[in-house]
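Dear colleague,

I am passing on the structure we spoke about, with the sequence alongside. Please look through both before reading my notes underneath.

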Amino acid sequence: MDSLIRQIRQRVPMGSLDWNSAIENAFPSLEEQNLLLSEVTKCAKLNPFYAKHIIKNFVEKLERRQRDGDESGLDDALYEKLYELLPSKALDPTATDILGYTMKTSTENCKDDAVVWIRESPRLISGMGTTGMRTWEASLFLSQYLGMVLDGSSEKSGLSEESNRKIFESVRDDFVGKTVLELGCGTGFVGIYMLKRFGSQLKHLIFTDGDTQLIDRMSSNLNLNDLSVDSKKLQVRKLWWGEDDLPMQRVDTIVAADVTYDASVIPDLAEVLDEAMSQDNKVYGRVNVAYIAATIRNEVTIKTWEEYLEMGRQDKIWTWEIIESTKDPVCWKTSLQSTNQLDNIWYPVGVAEIRIYKISRVVERNMTIED
Ligand SMILES: C[S@@+](CC[C@H](N)C(=O)[O-])C[C@H]1O[C@@H](n2cnc3c(N)ncnc32)[C@H](O)[C@@H]1O
């Protein structure tokens with residue numbers, strides 16, 4: 001029951017609420033029913049449709065138990081709430097909700113959870129001129145990967161092959177004590193997770209997106225996570241690839257998720273990476289590495305992306321490799337197919353493959369990594 005209450009509080013996708021195991025052993029006491037009612041009442045303020053779904057499921061499951069002979073009582077207040085919520089309809093796609101994403105990295109220790117709170121339009125694929133009004137699965141996957149590597153649980157749960165260990169070590173080096181810039185941050189999920197969970201390990205984090213509405217919304221998502229735009233640890237700025245300049249400061253590492261969603265945006269994305277890694281800026285130095293999570297929705301789009309990566313490799317600007325994929329995850333023991341989840345990330349079944357590309361700047365012989 002506790003975990004159910006937690007899931008409701010964190011507003012996870014409805015399909016993943018684990019009703020059966022929550023009420024399997026004992027009929028919830030009146031006190032527990034009351035707790036559920038109070039959580040549902042809080043949820044209903046933002047998303048009455050979601051609240052209706054929860055309470056309806058709960059009542060139906062318990063009524064079934066009563067029919068099977070359980071004589072425990074159901075609080076009338078639950079029926080009253082359900083009756084009140086019955087007319088509620090699914091949120092308009094542009095409406096916002098606040099979602100709590102539980103990002104657990106260590107498989108053994110529940111206290112490791114970090115909940116990232118995001119106000120977003122979860123049902124909006126594209127609208128108001130951007131695709132960044134909701135959090136995309138590539139953001140969750142990239143964050144979970146970086147989280148597992150940074151807290152060392154990748155070694156515990158992944159394969160212990162030497163080559164993998166080397167990759168994990170190099171990923172750690174790219175983040176610890178480094179300034180990180182996120183491209184196309186959308187709701188800001190990746191950066192917020194990194195700051196919340198590993199803020200003390202990072203030097204600085206710069207959130208960027210080309211869309212000014214998203215940039216304006218960032219302060220509210222930062223506040224939901226006890227972070228502030230005024231913090232010295234972070235910056236939020238508009239960066240439209242190929243149009244706005246990169247920040248005039250040293251950036252070591254770029255991260256981005258689901259920014260390769262359409263072939264039309266790839267040339268500008270490649271241009272900004274090229275600028276970051278090849279521009280001879282003696283004052284600020286060059287970006288060393290980029291971690292880009294891409295969802296493989298369309299083979300043609302991904303071919304275009306990889307062709308651009310190849311061009312950069314041939315021009316000796318960078319090398320690139322795929323370091324992780326949901327298809328054959330190195331970092332996770334469990335597989336998507338068997339659990340419908342990649343450990344603790346919850347995805348709808350059938351989400352397309354997500355890959356993490358690592359793009360490393362070629363360091364010429366007479367240069368150091370600091371150049
Ligand atoms: C599919 S969304 C991904 C958002 C977020 N990274 C996530 O995974 O949830 C793509 C993001 O890239 C941004 N974007 C698209 N084209 C851009 C460009 N040319 N310059 C800067 N940002 C761009 C959009 O505004 C949007 O926020």
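How many nonpolar, polar and charged residues does the shell around the ligand have? Please bear in mind that this is a predicted model; sorted by class, the shell is made up of eight nonpolar, eight polar and four charged residues. There are 20 residues around the ligand, and those that come nearest are W136, S139, G184, D209 and A257.

As for individual polar contacts, the side chain of S139 places an N or O atom 2.8 Å from an oxygen atom of the ligand. The backbone takes part as well: a polar backbone atom of A257 is 2.8 Å from a nitrogen atom of the ligand, while a backbone N or O atom of W241 lies 3.1 Å from a ligand nitrogen atom. The ligand, which exposes 590 Å² when taken alone, has 97% of that area buried by the protein, and the place where it sits is the second largest pocket.

On confidence, the chain has a mean pLDDT of 84, with 84% of its residues reaching 70 or more. The pLDDT is nevertheless below 50 over residues 107-112, a stretch with nine contacts in the model beyond near neighbours in sequence. It also stays under 50 over residues 334-340, for which the model has eleven contacts beyond four places in sequence.

With best wishes

Notes: Residues numbered from 1 in each chain as written. Predicted model: local features only at pLDDT ≥ 70, side-chain atom pairs only at ≥ 80, totals over all residues. Heavy atoms only, no water. Near = heavy atom within 4 Å. Polar contact = N/O pair within 3.5 Å; in protein donor to acceptor, adjacent residues only side chain to side chain. Areas by Shrake-Rupley, 256 points an atom, 1.4 Å probe, with all protein chains shown as cover. 1 Å grid on protein atoms, 1.4 Å probe; cavity = no way out; pocket = protein on both sides within 12 Å on 5 of 7 lines; lining within 4 Å. Sits in = over half its atoms within 2 Å of the grid points. Nonpolar A, V, L, I, M, F, W, Y, C, P; charged D, E, K, R; others polar. pLDDT = per-residue confidence, 0-100. Contact = heavy atoms within 4.5 Å.
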